[in-house]
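The report below describes local pairing and side-chain packing in one protein model.

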Amino acid sequence: MFKSSFSNALLVTNFLIIIILGIQQLQKQKDGDRIQLMLQYQEDIIEDQTRQIQRMVDHSKKRVGREFTCDSGHANAGPDVQPVTPAISLPALRIDLKLRYAVYRILYGADFLEDSVLSIIDHVDRIFIFWDDTPWGNVKFARYQGKKILIPTKIDDVVQIAQSLANRYPTKVVVEFDHVTINTNQVTHLVNDRILSRFPKP
């Protein structure tokens, strides 16, 4: 009787072990299937997003009618370059569908203006150079390059250099006089009052 009970218990134990091992094997298979499904789902999402991006690029090219530039960042230009948010943004891809404007406010600067403009001329759609012959605050004189210069006497040839650049790049460089009496909200004034009133919004 004891042997029979022991044998039955042993059979039941072995049977339970087999069931447990079978369940574990099924669980591993289910986990593997779940991982495989997740990977396939991610691949499908990537393929779908790639197709959507390609359709957007093709559609935008047809609308704008020009090639796009893909780069990794804005040029380090020096003046107030107005960056724009790209229409499509991925870690390794940026396609700019909007305009880029660069804005200069100058009183003098003949020694650097041309180099600065030429360093960004290929990275923006238009450059605006606003010049003035009188500093803010009704200043009567300025010291420049060791000399005392009475205002509004011409300080240097920066305006001529700016105009020369506009003649060389007539579709890109705009040179205009702009005088204000205070130095607050200069970018807002130049962009809203002088640029956006006549040119497309970037």
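## Hairpin and core packing

Y144 stands opposite K147 in β7, in a predicted model where local features need pLDDT of at least 70, side-chain atom pairs count only at pLDDT 80 or more, and totals for chains, interfaces and linings use all residues. Residues are numbered from 1 along each chain as its sequence is written, and side-chain values use heavy atoms, with hydrogens and water left out.

Strands β6 (residues 141-144) and β7 (residues 147-150) pair in the antiparallel sense over 4 bridges, where pairing requires that DSSP finds at least two bridges between two strands and where strands (E, at least two residues) and helices (H or I, at least four) are DSSP runs numbered from the N terminus. The hairpin of β6 and β7 has 2 residues between the strands, and Q145 takes a positive phi near 55°.

In helix α3 (residues 158-168), the buried residues (under 20% relative accessible area, 1.4 Å probe, protein chains only) are V158, I161, A162, L165 and A166. They lie on the same side of α3, because they cover an arc of only 145° around the axis, taken from the directions from the helix axis to the C-beta atoms. These buried residues pack against the four elements below, contact meaning heavy atoms within 4.5 Å.

| Element packed against α3 | Residues |
|---|---|
| β4 | 101-106 |
| α2 | 113-120 |
| β5 | 126-131 |
| β8 | 173-177 |

A nonpolar core is a set of buried Ala, Val, Leu, Ile, Met, Phe, Trp, Tyr and Cys residues joined through side-chain atoms within 4.5 Å. The largest has 17 residues, and Y104, L113, V117, I127, I129 and V173 have the most contacts inside it. The largest share of this core, 5 residues, comes from α3. Apart from it lies another core of 8 residues, among them Y101, F128, L190 and F199.

Technical notes. Buried means under 20% relative accessible area, exposed over 50%, partly exposed in between (1.4 Å probe, protein chains only).
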